[in-house]
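Visitor: I would like to see how the labels on this model are justified. Please take them one at a time.

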Amino acid sequence: MPERSVVLVPVGTESTPSIIARKLREAIADGQMEAGARLGEAKLARELGVSRGPLREAMQRLTQEGLLVSVRNRGLFVAELCDEQVRDVYVARTAVERAAASEILRRDPSAAAARLRPVIEVMAQAPEAGDQDGGDDAVGRADIAFHELLVELSGSPRLVRMHATLLTETRMCIHALRRTYRRPDARVAEHRAIVDALEQRDAAGVDRLLVAHMDDALERLVTSDGVPREAG
């Protein structure tokens, strides 16, 4: 059978607009650029040490991704997630993570629990590592790391890919969540209960706790000042 001719683009290094887009995406996800903030092109170009051409291309990419919003005669702003959008993020996350937990229970839940417990300990110790804001940021990072690892431990590349597409919006939500907890103890306890149920091979308990964990986070987000109620 003759070989088919396939035209492939040569592999190259990451382009400047891609690098800029990644840096802006991370800044938005981490809350360094808050929802609703206006982005000044000249200021950003100076801070990043780039010309306006690749910066504009990068910002256009983020606009297409829905992370930036262009307002006529006013400029570009970091998107704000309205209640319905936040709910949609959590609907998708809940579906993916419940499926991931089901796969873990089918495979080796004890080994998965052993991998997840150190992440919870990082979360528990985070507030003692520095000032309150620094501790809250560290708790948020550990929170994200826990859920990323949970999905990874499912052994499903497709679940991992689906979860990754939600990552930036998830990080925006988790960053906002820190304002709704007086202490991080509740977050630590919720994650620890999920892992305990995994280790005990309690499928119904794991599912119930995951749903309750997501529902609690969603309730805090849509009834607090953490996330604006109007779409950006």
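Guide: Two strands pair if DSSP finds at least two bridges between them. With that rule, V71 stands opposite G75 in β3. Keep in mind that this is a predicted model.

Visitor: What makes strand β2 and β3 a pair?

Guide: The rule asks for at least two bridges. Strand β2, residues 68–71, shares four bridges with β3, in the antiparallel sense. The condition is therefore met.

Visitor: How do you know that β1 and strand β3 are joined?

Guide: Two bridges connect β1 with strand β3 (residues 75–78), and the strands run antiparallel. The threshold is at least two, so they pair. R38 takes part, with F77 in β3 as its bridge partner.

Visitor: What lies between β2 and β3?

Guide: Three residues separate β2 and β3, which form a hairpin. In the turn, N73 has a positive phi of about 65°.

Visitor: How many helices and strands does the protein have?

Guide: There are 10 helices and three strands. Their order along the sequence is α-β-α-α-β-β-α-α-α-α-α-α-α.

Visitor: Why is the contact between E65 and R25 called a salt bridge?

Guide: The cut-off is 4 Å from a side-chain nitrogen of Lys or Arg to a carboxyl oxygen of Asp or Glu. The side chains of E65 and R25 meet at 2.8 Å, N to O. That is within the cut-off, so the name applies. The pair links distant parts of the chain, 40 residues apart: E65 is in helix α3 (residues 52–65) and R25 in helix α1 (residues 16–29).

Visitor: Are E65 and R25 buried, exposed or in between, and what makes them so?

Guide: Partly exposed covers the range between 20% and 50% relative accessible area. E65 has 43% and R25 has 23%, so both are partly exposed.

Visitor: What makes R171 and D30 a salt bridge?

Guide: Their closest N and O atoms are 2.5 Å apart, and the definition accepts anything within 4 Å, so R171 and D30 qualify. This pair also links distant parts of the chain, 141 residues apart, with R171 in helix α8 (residues 167–177) and D30 in the loop between α1 and β1 (38–39).

Visitor: Why is R171 called buried?

Guide: Buried means under 20%. R171 has a relative accessible area of 19%, so R171 is buried. D30, at 34%, counts as partly exposed.

Visitor: How do you know that R192 and E121 form a salt bridge?

Guide: The N to O value for their side chains is 2.8 Å, and the limit is 4 Å, so the label holds. R192 lies in helix α9 (residues 185–199) and E121 in helix α5 (residues 109–125), so the pair ties together parts 71 residues apart in sequence. Both residues are partly exposed, R192 at 30% and E121 at 36%.

Visitor: Which residues are linked in a network of salt bridges?

Guide: E41, R52 and R56 are linked in such a network. The structure holds 15 salt bridges.

Visitor: What can be said of the protein as a whole?

Guide: Buried residues make up 41% of its 232 residues. The accessible surface is about 13,200 Å², and carbon and sulfur atoms account for 49% of that area. Among contacts with a separation of 6 or more, 74% involve residues 24 or more positions apart.

How values were computed:
Residues numbered from 1 in each chain as written. Predicted model: local features only at pLDDT ≥ 70, side-chain atom pairs only at ≥ 80, totals over all residues. Heavy atoms only, no water. Buried < 20%, exposed > 50% of the residue type's maximum accessible area, 1.4 Å probe, protein only. Contact = heavy atoms within 4.5 Å. Areas by Shrake-Rupley, 256 points an atom, 1.4 Å probe, with all protein chains shown as cover.
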